[in-house]
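Visitor: Mind walking me through this one? I'd like to go from the whole chain down to a few residues.

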Amino acid sequence: MTEKALRLGTRRSKLAMAQSGQVADAVSQVTGRPVELVEITTYGDTSREHLAQIGGTGVFVAALRDALLRGEVDFAVHSLKDLPTAQHEGLVVAAIPEREDPRDVVVARDARKLTDLPRGARIGTGAPRRMAQLNAYARTHGMEIETVPIRGNVDTRIGFVRGGELDAVVLAAAGLNRVGRIDEVTDFLSVDTVLPAPGQGALAIECAADNASLIAALAELDDPFTRAAVTAERSLLAALEAGCSAPVGALADLLADGQIVKEMRLRGVVGTTDGSTLVQLSTTGPVPETHEAALALGRELATEMLAQGAAGLMGERAQ
């Protein structure tokens, strides 16, 4: 007799289905059980408002978590950058698999790079974080751009460029990789130009905290380096008291000497969306061996950023 299928709760978007499908295959391999996708519509999928207006973080996650808590699904897959920083009572992130490319990318008309865009170019993005850094970059490099708030899935966003309404859009490399459209990218943005969202490119696999056997099975998919990095990034975000609609970028990466990983560097940025003011700092330390050490790394950098005036730049977040 075959074992009962595990039910994986997922959003319905093409990207969510693609990344959930990849996780389903991996979970099936480690558990030996079939995995079926259960499609769930979230408020973030149905609302046409901008993310900053509908409360930013959590809007894509709440319905999946409700289904988990009601026992309608066994586990759920989230884009980690959509997950609120506070731990949810009764649920546990059992695995954070190895991270995809965390960078942001440009899809522009005429295969242009960011630096080749025409004067006054209209660049679409839904993220205040991207707007702040793109506008700051433009200011310091003598470029004239206009950042345009947009929403919608990958098809919709790239469609604005194809249809001529925008000169370019900025998207996450990981998402385009997962839906097989990375070849449409015209420019990979260096993290020195635009720091990604905390947790960008990483997935979180969440299940009920009392399901010990499933937690143990899912833990086989966990990548400890990715977990340490995104824990530090999200700790920075939490300490700045910012949701995913706030203009905060963060990236923790590993510094290696040959094959040996020596240290972790955490970079953070917060700025006004017009790019006129940015607070950008970094810190480097030993690779965190524990969850607490990763949290401390993020908190320390946030404290330095707040001392440099970051708090005054957070006023645009959704109340």
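Guide: Sure. Helices here are DSSP runs of at least four residues, and strands are runs of at least two. Keep in mind that this is a predicted model.

Visitor: So how many helices and strands does the protein chain have?
Guide: With those run lengths as the cut-offs, the tally for the protein chain is 9 helices and 13 strands.

Visitor: What share of the residues in the protein chain is buried?
Guide: A residue counts as buried when its relative accessible area is under 20%. Out of 319 residues in the protein chain, the buried share is 52%.

Visitor: Is Arg-267 buried or exposed?
Guide: Arg-267 sits in strand E12, which runs over residues 260–271. Its neighbours further off in sequence include Val-191, Leu-195, Leu-281 and Leu-301. The relative accessible area of Arg-267 is 12%, and the cut-off is under 20%, so Arg-267 is buried.

Visitor: Which side chain makes a polar contact with the side chain of Arg-267?
Guide: Among the residues that Arg-267 touches are Gly-249, Ala-250, Leu-251 and Asp-253. The polar contact is at 3.1 Å, and the partner is Asp-253.

Visitor: Where do the buried residues of H3 lie around the axis?
Guide: In helix H3 (residues 62–69), the buried ones are Leu-64, Arg-65, Ala-67 and Leu-68. They cover an arc of only 160 degrees around the axis, so they lie on the same side of H3.

Visitor: And which strands do the buried residues of H3 pack against?
Guide: Just past the end of H3, Gly-71 has a positive phi of about 80 degrees. As for the packing, the buried residues of H3 sit against strands E1, E3, E4 and E10.

Key: Residues numbered from 1 in each chain as written. Predicted model: local features only at pLDDT ≥ 70, side-chain atom pairs only at ≥ 80, totals over all residues. Heavy atoms only, no water. Buried < 20%, exposed > 50% of the residue type's maximum accessible area, 1.4 Å probe, protein only. Polar contact = N/O pair within 3.5 Å; in protein donor to acceptor, adjacent residues only side chain to side chain. Contact = heavy atoms within 4.5 Å. Arc of directions from axis to C-beta. Lists of a residue's contacts leave out its neighbours within four places in sequence.
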